[in-house]
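Welcome to a short walk through the inside of a protein model. Take a moment with the sequence and the structure, and then we can look at a few side chains together.

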Amino acid sequence: MRKQLADIQEIDQYLLQEMPAAARLIFQARMLVSPLLREKVRQQQQVLQIVHWLGREKKREELQTIYQQLMNEPAFYRSVTSIFE
């Protein structure tokens with residue numbers, strides 16, 4: 001299990017560009033010779049993208065909640081709608 005966690009951490013460092021340049025070159029060389037490593041990197045990249053999308057969706061929901069709360073506040077609602085009159 002520790003090996004898998006170490007692999008995931010190394011791939012994350014590579015994908016998030018947190019790896020030193022020399023280590024990055026070595027990692028890229030390892031990907032060239034290892035189809036399995038390339039596949040792991042591709043899968044981890046998809047996971048990171050999904051996490052990013054979910055984070056954006058959560059923020060969107062939070063903003064929508066704040067908007068609804070503000071629009072239910074009479075003074076705020078009047079001040080916003082008066083802009084468009």
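Leaving aside its neighbours within four places in sequence, which residues is Asp12 in contact with? The answer is Gln44 and Leu48. Please keep in mind that this is a predicted model.

**An acidic residue inside**

Asp12 sits in helix α1, which covers residues 2–15. This residue is buried, yet Asp12 has no salt bridge. Arg24 carries the nearest side chain of opposite charge, and that is 11 Å away. A salt bridge would need a side-chain nitrogen of Lys or Arg within 4 Å of a carboxyl oxygen of Asp or Glu. What the side chain of Asp12 does make is a polar contact with the side chain of Gln44, at 2.8 Å.

**One pair of rings**

How many aromatic pairs does the model hold? The count comes to one. The partners are Tyr14 and Phe27, and their ring planes meet at 35° with the centres 4.7 Å apart, so the pair is tilted. Tyr14 belongs to helix α1 and Phe27 to helix α2 (residues 21–33), so the pair ties together parts that lie 13 residues apart in sequence. Are these two residues buried or exposed? Both Tyr14 and Phe27 are buried.

**The nonpolar core**

Tyr14 and Phe27 also belong to the largest nonpolar core, which has eight residues in all. The other members are Ile11, Leu15, Met19, Met31, Leu37 and Val41. Helices α1, α2 and α3 (35–71) are the elements that give two or more residues to this core. Of these, α1 provides the largest share, with three residues.

Met31 is a good member to look at next. This residue lies in helix α2, and its relative accessibility is 13%, which is why Met31 counts as buried. Met31 and Val41 are 10 residues apart in sequence, while their C-alpha atoms are 8.6 Å apart in space.

The table lists contacts for two core residues, leaving aside neighbours within four places in sequence.

| Residue | In contact with |
|---|---|
| Phe27 | Glu10, Ile11, Tyr14, Met19, Leu37 and Val41 |
| Met31 | Tyr14, Leu37, Arg38 and Val41 |

Reading across the rows, Phe27 touches Tyr14, Leu37 and Val41, among others, and Met31 has contacts that include Tyr14, Leu37 and Val41. Each row also holds a charged residue: Glu10 for Phe27, and Arg38 for Met31.

Definitions and conventions: Residues numbered from 1 in each chain as written. Predicted model: local features only at pLDDT ≥ 70, side-chain atom pairs only at ≥ 80, totals over all residues. Heavy atoms only, no water. Helix = DSSP H or I, 4+ residues; strand = E, 2+ residues; numbered from the N terminus. Buried < 20%, exposed > 50% of the residue type's maximum accessible area, 1.4 Å probe, protein only. Polar contact = N/O pair within 3.5 Å; in protein donor to acceptor, adjacent residues only side chain to side chain. Contact = heavy atoms within 4.5 Å. Phe/Tyr/Trp six-rings, centres within 6.5 Å; stacked < 30°, edge-to-face > 60°. Core = buried A, V, L, I, M, F, W, Y, C linked by side-chain atoms within 4.5 Å.
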